[in-house]
Amino acid sequence: MQLNTPAPTQKPTATFTGEVLMTPLAAGEAPSRIGVAHVRFTPGARTHWHVHPMGQVLHVTDGTALVGTRDGSVLRARAGDTVVCSPGEEHWHGATTDSFAAHLAIQEAADTDDGGTSPVTWLEPVTDEDYARAQA
């Protein structure tokens, strides 16, 4: 058994639009490759498009979160809801324009071509037009 003290909260900017606070909570001990973070989005903030080779689980803890996929589908998840993104599914997530959102992000790293591991591949930003359509 192990007690983890959360790592310092970060303000990631390279793969997000808007103001986001991310607090890493836990990383699995080998052979586990699981990672957990508490991610908080201000209204209008969102991730870039991305994909998790092993999938991702998002458990909404506060507010209203949007989770969108390449086919234009958007889920509106509220506190207590859990969204499961399938392995390899390109998606984005964030807050609505008028509400904060927070979730626990849980994902597992996979082997990479260069011999390392990674839980995510980041892609391009979500356009303002795509984000606006997700509000409907």
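# Close-up views of a predicted model

**View 1. His48 and its contacts.** His48 sits in the loop between strand E4 (46-47) and strand E5 (50-51). The model shown here and in the other views is predicted. His48 counts as buried, because its relative accessibility is 9% and the cut-off for buried is under 20%. Leaving aside residues up to four places away in sequence, His48 touches Ala14, Thr15, Phe16 and Thr17. His91 and Trp92 are also among its contacts. Trp122, Leu123, Glu124, Pro125 and Val126 complete the list. Glu124 returns in View 6, where it pairs with Arg70.

**View 2. The largest pocket and its lining.** The largest pocket holds about 430 Å³ of space. Strand E2 (20-27), strand E3 (34-41) and strand E10 (101-108) are the elements that each supply two or more residues to its lining. E3 gives the most, with six residues. In total, 29 residues line the pocket. Nearest its centre lie Met22, Ala37, Ala105, Gln107 and Pro119. By type, the lining divides into 18 nonpolar residues, 10 polar residues and one charged residue.

**View 3. The two faces of strand E3.** Side chains alternate along E3. One face carries Gly35, Ala37, Val39 and Phe41, and these are buried. The other face carries Ile34, Val36, His38 and Arg40, which are not buried. Ala37, on the buried face, is one of the residues nearest the centre of the largest pocket.

**View 4. E3 and its strand partners.** E3 pairs with E2 in the antiparallel sense, over seven bridges. The two strands form a hairpin, with six residues between them. Within this pairing, Val20 stands opposite Phe41 in E3. Leu21 stands opposite Arg40 in E3. Phe41 belongs to the buried face of E3, whereas Arg40 points to the other face. E3 is also joined to E10, by eight bridges, and these strands run antiparallel. Here Gly35 stands opposite Gln107 in E10. Gln107 is also one of the residues nearest the centre of the largest pocket, and Gly35 is on the buried face of E3.

**View 5. The Lys11–Glu19 salt bridge.** The side chains of Lys11 and Glu19 meet in a salt bridge, at 3.5 Å from N to O. Lys11 counts as exposed, because its relative accessibility is 56% and the cut-off for exposed is over 50%. Glu19 has a relative accessible area of 42%, so it is partly exposed. The model's salt bridges number six.

**View 6. A salt-bridge network around Arg70.** Arg70 and Glu90 meet through their side chains in a salt bridge, at 2.5 Å from N to O. This pair links distant parts of the chain, 20 residues apart. Arg70 lies in the loop between strand E6 (56-69) and strand E7 (74-78). Glu90 lies in the loop between strand E8 (82-85) and strand E9 (91-95). Arg70 also forms a salt bridge with Glu124, and the closest N and O atoms are 2.8 Å apart. This second pair again links distant parts of the chain, 54 residues apart. Glu124 is in the loop between strand E13 (121-122) and helix H1 (128-134). Salt bridges that share partners join Arg70, Glu90 and Glu124 into one network. Arg70 is partly exposed, with a relative accessible area of 40%. Glu90 is partly exposed at 31%, and Glu124 is partly exposed at 37%. Glu124 is also in contact with the buried His48 of View 1.

**View 7. Pro43 beside a distant stretch of chain.** Pro43 is found in the loop between E3 and E4. Pro43 counts as partly exposed, because its relative accessibility is 35%. Its C-alpha atom is separated by 5.4 Å from that of Ala95, although the two residues are 52 residues apart along the chain. Not counting residues up to four places away in sequence, Pro43 touches Ala95, Thr96, Thr97, Asp98, Ser99 and Phe100.

Note on methods
Residues are numbered from 1 along each chain as its sequence is written. This is a predicted model: local features need pLDDT of at least 70, side-chain atom pairs count only at pLDDT 80 or more; totals for chains, interfaces and linings use all residues. Side-chain values use heavy atoms; hydrogens and water are left out. On a 1 Å grid over the protein atoms alone, a cavity is a set of points where a 1.4 Å probe fits but cannot get out, and a pocket is an open set with protein on both sides within 12 Å along at least five of seven lines; lining residues have an atom within 4 Å of a point. Grid points are joined across faces, edges and corners, and a volume is the space filled by probe spheres set on the points. Helices (H or I, at least four residues) and strands (E, at least two) are DSSP runs, numbered from the N terminus. Ala, Val, Leu, Ile, Met, Phe, Trp, Tyr, Cys and Pro count as nonpolar, Asp, Glu, Lys and Arg as charged, and the others, Gly among them, as polar. Buried means under 20% relative accessible area, exposed over 50%, partly exposed in between (1.4 Å probe, protein chains only). Contact means heavy atoms within 4.5 Å. Two strands pair if DSSP finds at least two bridges between them. A salt bridge is a side-chain nitrogen of Lys or Arg within 4 Å of a carboxyl oxygen of Asp or Glu.
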